[in-house]
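Here's a quick tour of a model, written for someone who would rather look than read. Keep the viewer open as you go.

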Amino acid sequence: MFLCVNALSVLLSPAQAAVVSAFAQTLRRYTSLNHLAQAARAVLQNTSQINQMLSDLNRVDFANVQEQASWVCQCDESVVQRLEQDFKVTLQQQSSLDQWAAWLDNVVNQVLKPYEGSTSFPRAARQFLLKWSFYSSMVIRDLTLRSAASFGSFHLIRLLYDEYMFYLVEHRVAMATGETPIAVMGEVRRSDVSDLHARI
């Protein structure tokens with residue numbers, strides 16, 4: 001598909017090419033999200049895997065993770081601790097995929113609520129994604145260093161949750177700016193191309 005989009009971009013204006021590229025990227029991400037959800041459903045329905053994940057998660061040194069991440073993320077420590085506890089409780093309750101989706105949706109709502117109606121909303125949303133990704137990378141790093149038996153399960157869940165967070169934030173930004181999600185992604189690609197041309 002990537003080669004087709006590149007070949008097609010020769011025939012299209014830069015704006016049209018950006019829209020086609022954004023659509024293709026969005027389609028790939030949504031397909032990926034669907035595949036990850038199907039794979040994660042099996043993990044989240046397996047009691048022994050959930051118990052192993054909880055055991056491994058309780059060995060993670062969250063104080064150390066927070067200390068290392070705080071310089072980069074500058075996150076409110078109480079928010080991070082609340083998310084950690086909510087995550088553990090939701091995992092312990094062996095929540096369904098739909099319940100996890102609702103939890104992630106609630107996290108996005110809480111974090112971005114202060115920026116609603118502000119012109120800084122898109123920037124705050126992007127910063128949240130970066131912080132979420134960095135912090136979850138630090139947790140995965142700790143699990144890796146401890147040779148956690150459930151590393152594979154956590155890696156799969158992390159991929160799904162990152163992808164779903166991106167989906168949620170993309171749609172929130174689209175609603176806040178009055179654009180479609182594809183237009184939001186197209187705008188990002190157009191600004192990246194403009195930045196690249198400016199540097200050359």
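What follows goes from the overall fold to the aromatic rings, two residues of one helix and the main pocket.

## Ground rules

This is a predicted model, where local features need pLDDT of at least 70, side-chain atom pairs count only at pLDDT 80 or more, and totals for chains, interfaces and linings use all residues. Residues are numbered from 1 along each chain as its sequence is written, and side-chain values use heavy atoms, with hydrogens and water left out.

## Fold and confidence

The protein has 9 helices and 0 strands, taking helices as DSSP runs of H or I with at least four residues and strands as runs of E with at least two, numbered from the N terminus. Of its 200 residues, 38% count as buried, where buried is under 20% relative accessible area, exposed is over 50% and partly exposed is in between (1.4 Å probe, protein chains only). Take the contacts with a separation of 6 or more: 73% of them come from residues 24 or more positions apart, a contact being heavy atoms within 4.5 Å.

The average pLDDT (the predictor's confidence in each residue, from 0 to 100) is 85, and 86% of the residues score at least 70. Over residues 192-200 it is below 50, and that stretch has 0 contacts in the model beyond near neighbours in sequence. Where pLDDT is low, predicted coordinates shouldn't be read in detail.

## Aromatic pairs

Searching the whole structure turns up 8 aromatic pairs. Rings of Phe, Tyr and Trp (its six-membered ring) pair if their centres lie within 6.5 Å; planes under 30 degrees apart are stacked, over 60 edge-to-face, and the rest tilted. F87 and W100 make a tilted pair, because their ring centres are 5.0 Å apart and their planes sit at 50 degrees. F87 is in helix α5 (residues 77-92) and W100 in helix α6 (residues 97-112), 13 residues apart. Both F87 and W100 are buried.

F87 also pairs with Y161: the centres are 6.4 Å apart and the planes at 75 degrees, so this pair is edge-to-face. Y161 belongs to helix α8 (residues 151-177), so the pair ties helix α5 to a part 74 residues away in sequence. Y161 is buried, just as F87 is. Together with W103, the residues F87, W100 and Y161 form one aromatic cluster.

## Two residues of helix α7

F134 is found in helix α7 (residues 121-145) and is partly exposed, at 27% relative accessibility. Leaving out residues up to four places away in sequence, F134 touches A69, V72 and C73. The C-alpha atoms of F134 and C73 are 7.6 Å apart, with these positions 61 residues apart along the chain counted as their separation.

D142 lies in helix α7 too, but D142 is buried, with a relative accessible area of 7%. Setting aside neighbours within four places in sequence, D142 contacts R59, V60, D61 and V65.

## The largest pocket

About 740 Å³ of space lies in the largest pocket. On a 1 Å grid over the protein atoms alone, a pocket is an open set of points where a 1.4 Å probe fits, with protein on both sides within 12 Å along at least five of seven lines; lining residues have an atom within 4 Å of a point. Points are joined across faces, edges and corners, and the volume is the space filled by probe spheres set on them.

Of the 30 lining residues, L83, F128, K131, W132 and Y135 are closest to the centre. Helices α5, α6, α7 and α8 each supply at least two lining residues, with the largest share, 9 residues, coming from α7.
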